[in-house]
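User: I am new to reading protein models. Could you walk me through one, feature by feature?

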Amino acid sequence: MHSNLPPNPFSGLLNRLVDLLVIITGWWLVALSILTCVEMVGRKLFSFSFQGIDEVGGYTLAITAAIGFSYTLITRGHTRIDFLVGKLPEKARSAINVLAMLTLAGMAVFAIWRAWVVLSESIEFQSHSTTPLQTPMWIPQSLWFMGWALFTLVCVYLAGHALVLWLRGDHAAVNKAYGPQTLEEEIESEAGEVLEQVKMEQRLAQQRQQAKEGAA
Amino acid sequence: MIGATEIGIGFLIMLVLMFLGLHVATTMLLTAILGAVLYLGMPAVNAVGNQLWAANEDYVLLSIPLYILLGEILVRAGTTDKMYKSLSDWLNFLPGGLLHTNIGSSALFSAVSGSSVATAATISTVALPTFKTRRYDQRLVLGSIAAGASLGNLIPPGIAFLVYGAMTNTSAGRLYAAGVIPGAIMTLLFMGCILAICLYKPGLAGAKEAEPPLREKLGRLKHLLAPLVVFGVVMGCIYTGWATVTESAALGVVVALPIAWAYGNLSVAMMHDAFRATLRLTAMSLLILTAAFYLNFVMGLLGITQTLSALVQGLDVSPVQLLWVLAVFYLLLGIFFETLPMLVGTVPLVFPVITAAGIDPVFFGVFIVLMCEISLISPPVGMTLYVIQGVRGEGTIAEVFQGTVPFFLTMIVMTAILIHFPQIALWLPKLSFG
C-alpha cells in the first residue's frame with residue numbers, strides 16, 4: 001500500500017485496521033451482489049422476495065463510503081485541483097498542503113460532531129426505519145459513525161503530522177507526503193497491478209511466439 | 001432568497017478555494033457552511049449531520065461501488081491484451097489500421113473501468129509496443145488513445161451519469177439509455193476522423209498488418225465476449241425494466257466473477273486488490289458528492305434556485321443559445337478541472353438555470369457528461385494526456401497535445417450535433433421507459 005502515514009507502530013496498526021475494514025467491506029459487497037441476484041431471480045420466477053434488501057443496500061453504501069474515506073486519505077486519493085499548487089515554489093506549496101490537511105481535518109471534526117448528534121438522537125428516541133424491516137436506526141448509524149470517526153482520526157493524525165513537519169521547516173517532507181500525487185504515483189495507485197499483469201501477459205505472448213518460431 | 005450577486009460571490013469563493021488546492025470536498029462544504037451561517041443561522045448548520053446520513057444512505061448510489069467493483073474485476077481478469085488483438089483483427093482493413101483499434105479498445109476498456117487514468121495507462125501499455133516497429137505517426141497514435149479513453153463516461157455504465165442523476169433526482173436508467181446513441185456516434189466520429197486524416201495523408205498510417213487467417217480471427221473473437229456479455233447483461237436488464245440500476249450492477253459483479261475465473265485470474269489476492277481500488281474510487285466520488293449534497297440543501301433553503309430561474313427567464317434566451325454559452329463555459333473550466341469536480345461543482349448552480357430554460361434534465365445529463373469528456377483531453381491539464389506520456393516515457397508532451405487536436409475538434413462537432421439534434425439522446429430513453 002502506498003500510504004503516507006508517518007512511519008511508526010501506531011501508523012502500522014492504523015494501516016492494517018483500515019486495510020482489514022476495506023477487505024471486509026469488499027467481501028460484503030460481493031455477498032450483497034449475490035443476494036441481490038438471488039432475490040431478483042426469486043422475484044421474477046418464483047414470486048418470493050427478501051424484504052428490505054434495498055434498505056440494507058442503502059446502509060451498505062453509507063458504511064462503504066465512511067470506511068473508504070480513510071483508505072483514500074491514507075493513499076492520498078482525495079481529489080484536489082493541483083493546477084496552481086504544482087507551479088508554486090516549495091515553501092508556498094508546503095503552506096497550501098498543510099492548510100489543505102488542516103481544513104480537511106476541521107471539516108471532519110465538524111462532521112463527526114454532527115454525526116454523533118444524529119446517532120445519539122436515534123438512540124435516545126429509539127428511532128426505527130419506516131419500512132417492513134423496522135431497523136433500529138442505531139445499528140446502521142453506529143457502523144456509519146464509526147467509519148466517520150476513523151476518518152476523523154486519520155485526518156487529525158495526518159494534519160498534525162503535516163503541521164509538525166511544517167513547523168520544523170521540513171517543506172520537502174510536507175510536499176512529499178501531503179502534496180497532490182505526482183503523475184507516477186497516480187498511475188501506480190490507479191493502475192499499478194493491472195499494468196504489471198498486462199506486462200506479464202505481453203512477456204508470455206512473446207515467449208509463445210518465440211517458441212513457435214523456434215519450432216518452425 | 002438571496003440575490004444573483006451573492007450567488008456569484010459564493011461560487012467565486014468556492015472556485016478560488018478549489019484553485020488554491022484545498023480538497024474539493026472541503027471547499028464545497030466550507031462554502032455551504034458559510035452560506036448557512038451568513039443567511040440561515042445555526043439550525044441549517046446543525047442539519048449537516050442528517051444531511052450526511054441522508055446523502056450516504058442511498059440504495060441507488062450503491063450502484064457506484066458495484067459498477068466500480070465489476071470494472072475492477074474485469075480489468076484484472078487479464079483480457080485487455082487479447083481484447084486489443086482481437087479488435088485489431090476486424091478493424092485493420094480500414095485506412096488508419098491500428099489507430100481504429102486504439103479507439104475501440106479504449107472505449108471498451110473505459111466503459112468497463114471507472115478510472116480514466118487506469119484506462120489511459122493500460123491501453124497505452126498494451127498498444128504502444130505494437131506501434132514501435134510500424135512507422136505510424138506518433139501524434140495520431142497518442143491522440144487516438146486519449147480520445148478513446150475519454151469515451152468511458154458517455155458509454156454506460158459510467159459513474160458520471162450516476163452522480164448527475166443523484167444530484168438532480170434524474171433517473172439513472174434514463175440517463176444510461178440516453179448515453180448510448182451519442183456514445184456510439186462519438187465513437188464513429190472518432191473513427192471517421194482517423195479515416196479522413198489517413199485518406200488525405202496515407203503516410204501518417206503505418207505499415208498494414210498481414211491479414212491473419214479467418215480461423216485465427218474467429219478463435220480470438222471470444223476475447224471480445226467478456227466485456228460485451230457484461231455490457232449486454234447489465235444494460236439489457238436496465239432497458240427492459242427487469243432490474244434497477246443497482247440490481248443490474250450487482251448482476252454485473254456476479255457475472256464478472258466466472259469470467260475472471262475462466263481466464264485463470266480469479267484469486268483472493270486479486271479480489272482484495274479489486275476491493276482496495278473499488279473503495280478508493282468510490283470514496284473519492286462520494287466525499288465530494290456528500291459535500292455537494294449539503295451545498296445543494298443550503299442552496300435550496302437560500303432560494304437560489306428561484307433567483308437563478310427568475311434571472312434566466314428574464315434574459316429571454318433560447319435553449320440552444322443557453323447551451324452554447326454553457327458549452328463555452330465548460331470548455332474553459334475543463335482546461336483546469338477534472339471530470340468529477342467540474343460536474344459536482346457546477347450542477348447545483350447550472351441545473352436550476354437549464355430547467356428554467358425548458359431544457360430536458362436527461363438531455364442535459366448527456367450534454368454535461370460530454371463536456372466532462374472534453375475536459376479530459378483538453379490541454380494543458382487533461383490528466384489522461386500526461387498518463388499516456390508517462391507510460392510512453394520518450395518524446396515530449398507536446399506531441400500528445402498535437403495528437404489530440406483533431407479529436408478535440410471532433411468533440412466540438414459532437415457538441416454541435418447534440419445541441420441541435422437533442423433527439424439522439426432522448427429517443428432511446430423514451431422508447432425504453434415511455
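Analyst: We will take helices, overall shape, burial and cores in turn. This is a predicted model: local features need pLDDT of at least 70, side-chain atom pairs count only at pLDDT 80 or more, and totals for chains, interfaces and linings use all residues. Residues are numbered from 1 along each chain as its sequence is written, chains are lettered from A, and side-chain values use heavy atoms, without hydrogens and water.

User: How many helices and strands does chain A have?

Analyst: Helices (H or I, at least four residues) and strands (E, at least two) are DSSP runs, numbered from the N terminus. Chain A has 6 helices and 0 strands.

User: What is the radius of gyration of chain A?

Analyst: The value is taken over C-alpha atoms; the globule rule is 2.2 Å times the number of residues to the power 0.38. For a compact globule of 216 residues that gives near 17 Å, but chain A has 23 Å. Its C-alpha trace spans about 70 × 55 × 35 Å along the principal axes.

User: What percentage of chain A is buried?

Analyst: Buried means under 20% relative accessible area (1.4 Å probe, protein chains only). In chain A, 50% of the 216 residues are buried.

User: Which residues touch the most other members of the largest nonpolar core?

Analyst: In soluble globular proteins, nonpolar side chains tend to be buried together. A nonpolar core is a set of buried Ala, Val, Leu, Ile, Met, Phe, Trp, Tyr and Cys residues joined through side-chain atoms within 4.5 Å. The largest has 225 residues; A:Trp144, A:Trp148 and B:Met28 are among those touching the most other members, along with B:Tyr67, B:Ile73, B:Phe364 and B:Phe367. Helix 15 (residues 268-301) of chain B gives the largest share, 19 residues.
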